[in-house]
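Good morning, and thank you for making time for this presentation. I would ask you to look at the sequence and the structure together before I begin.

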Amino acid sequence: MAVMSQASALELRGVSMQFGGVQAIKKVGFQVREGELFALIGPNGAGKSTLFNCINGIYKPTEGSIFFRGRDITAFSPFKIAHMGIARTFQNIALFHRMSVLDNLLLGRNPVLGAGVLRGGLFFGRALREELEAREAIEKIIDFLEIERFRKQIVGSLPFGIQRRIELGRALAMKPKVLLLDEPVSGMNSEEREDMARFILDIKEELGTTVVLIDHDMGVVMDIADRIVVLNFGIKIAEGTPEAIAADRHVIQAYLGEEEGAP
Ligand SMILES: Nc1ncnc2c1ncn2[C@@H]1O[C@H](COP(=O)(O)OP(=O)(O)OP(=O)(O)O)[C@@H](O)[C@H]1O
Ligand SMILES: [Mg+2]
């Protein structure tokens, strides 16, 4: 079991993001500790996905800084940030639907190798060794996520819940230090949600990976998160343990959409 330390895996300081007249994020700050399962929740349009896009370099914040293990990564490219060890999944599944499960996982491991696999190309020396290492790592992920029986199937033909698991596998193939999951249980039935929640917990406990999890509602997050930050209209309105968040007046108001008088 992974030991949670006080060391900071990820830190946001006064991060803002503006799109024309829309201020999607307003001076948001928080720290994610090494080994922690951290959740980001909030209503539609609260700025959750935008925050992920800032962390992994797709967007450059208009204000503030982002640190990965103490290093300022605010100006780094998405490629560099991924290479340093921050992986993510997307709110809408972003897999290659006409390719097999195995090839999708190999692409996560190394886009260049993946391309070779696609071409059916030849591998010599170093490339061959890397290919073998990649295949070994992928086999471990296949075991871990219990997707052996789907390995040769075309991704587009698989049930939605399994596709989500493949996407998770592809992110894990990068051997990330921090894994950002954007609504990994959205659109799932309750059995699929439970499976996914268990895999996310295992990623933290068995692999020791720091996880930041976005969820639209409080469902799964309340069960598995160590700490939660709540965004509403781009502003951080609460931060704390699941128990504290469930009892927080501002959070209840944000979710019920009431001005005052929430229980
Ligand atoms: N590229 C963009 N250009 C303009 N506005 C954007 C862009 N991306 C996000 N926004 C706006 O920023 C705000 C936050 O959007 P974001 O997608 O981050 O919310 P969210 O919390 O992920 O919502 P959801 O729960 O629906 O996924 C919204 O008002 C959205 O319209
Ligand atoms: Mg979103």
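**Two sheets, their helices and a ligand**

I shall begin inside one of the sheets, with a pair of strands. S3 and S9 run parallel and are joined by 4 bridges. Within that pair, Ile-41 has Val-230 of S9 as its bridge partner. Please bear in mind throughout that this is a predicted model.

Let me now place that pair in its setting. The sheet is open and has 6 strands, in the order S6-S7-S8-S3-S9-S10, and its pairing is mixed. Which strands stand at the edges of this sheet? They are S6, residues 86-89, and S10, residues 235-240; each has a single partner strand, so one side of each lacks a neighbour in the sheet. From one strand to the next, the twist averages 15°.

On its other side, S3 meets S8. S3 covers residues 37-41 and S8 covers residues 210-215, and the two pair in the parallel sense over 5 bridges. Here Ala-39 finds its bridge partner in Leu-213 of S8.

S9, for its part, continues the sheet towards S10. These two strands pair in the antiparallel sense, again over bridges, 5 in number. Val-230, which we met as the partner of Ile-41, has Ala-238 as its bridge partner in S10. S9 and S10 form a hairpin with 2 residues between the strands, and Phe-233 in that hairpin takes a positive phi near 50°. As general background, strands of a sheet pair through backbone hydrogen bonds, either parallel or antiparallel.

Helices lie against this sheet as well. H1 lies across S3, S6, S7, S8 and S9, and runs at about 150° to S7, the strand of residues 178-182. H7 also packs on the sheet, where it touches S3, S7 and S8, and its direction makes about 155° with that of S8.

I turn next to the second sheet. This one is open too, with 4 strands in the order S2-S1-S4-S5 and antiparallel pairing. Its edge strands are S2 and S5, the latter being residues 71-72, and each of them pairs on one side only.

Taking the pairs in order, S1, residues 8-19, runs antiparallel to S2, and 8 bridges join them. Phe-19 stands opposite Val-22 in S2. S1 also pairs with S4, residues 63-68, in the antiparallel sense over 5 bridges, and there Ser-16 stands opposite Glu-63. S4 and S5 pair in the antiparallel sense over 2 bridges, with Phe-67 opposite Asp-72. How many residues lie between S4 and S5 in their hairpin? There are 2, and Arg-69 in the turn has a positive phi of about 50°.

The next topic is the packing of helices. Two packed helices are described by the angle between their axes and the distance between the axes. For H6, residues 160-172, and H7, residues 190-205, the axes come within 10 Å and cross at roughly 15°. An angle under 35 degrees counts as roughly parallel, which means that H6 is roughly parallel to H7. The crossing is right-handed. H6 contributes Gly-161, Arg-164, Arg-165 and Leu-168 to the contact, and H7 contributes Glu-192, Asp-195, Met-196 and Phe-199. By class, these residues are 3 nonpolar, 1 polar and 4 charged.

H6 also meets H3, residues 101-109. The axes of H3 and H6 come within 7 Å and cross at roughly 35°, and this crossing is right-handed. On the H3 side the contact is made by Val-101, Asn-104, Leu-105, Leu-107 and Gly-108, and on the H6 side by Ile-166, Gly-169, Arg-170 and Ala-171. The contact divides into 5 nonpolar, 3 polar and 1 charged.

I close with ligand 1. Which of the 13 residues around ligand 1 come nearest? They are Phe-19, Ala-24, Lys-48, Ser-49 and Thr-50. Two elements give two or more residues to this shell, namely S2, residues 22-33, and H1, residues 48-55. H1 supplies the largest share, 3 residues. By class, the shell holds 4 nonpolar, 8 polar and 1 charged. The ligand thus returns us to elements already introduced: H1, which lies across strands of the 6-stranded sheet, and S2, an edge strand of the sheet of 4 strands.

Key:
Residues are numbered from 1 along each chain as its sequence is written. Chains are lettered from A and ligands numbered from 1 in the order in which they are written. This is a predicted model: local features need pLDDT of at least 70, side-chain atom pairs count only at pLDDT 80 or more; totals for chains, interfaces and linings use all residues. Axes are lines fitted to C-alpha atoms, for helices over the stretch in contact, and angles run from 0 to 180 degrees between N-to-C directions. Angles under 35 degrees count as roughly parallel, over 145 as roughly antiparallel, 65 to 115 as roughly perpendicular and the rest as oblique. A crossing is left-handed if the near helix is turned anticlockwise from the far one by less than a right angle, and right-handed if clockwise. Two residues are in contact if their C-beta atoms, placed from the backbone, lie within 7 Å. Ala, Val, Leu, Ile, Met, Phe, Trp, Tyr, Cys and Pro count as nonpolar, Asp, Glu, Lys and Arg as charged, and the others, Gly among them, as polar. A residue is near a molecule or strand if its C-beta atom, placed from the backbone, lies within 6 Å of it. Two strands pair if DSSP finds at least two bridges between them.
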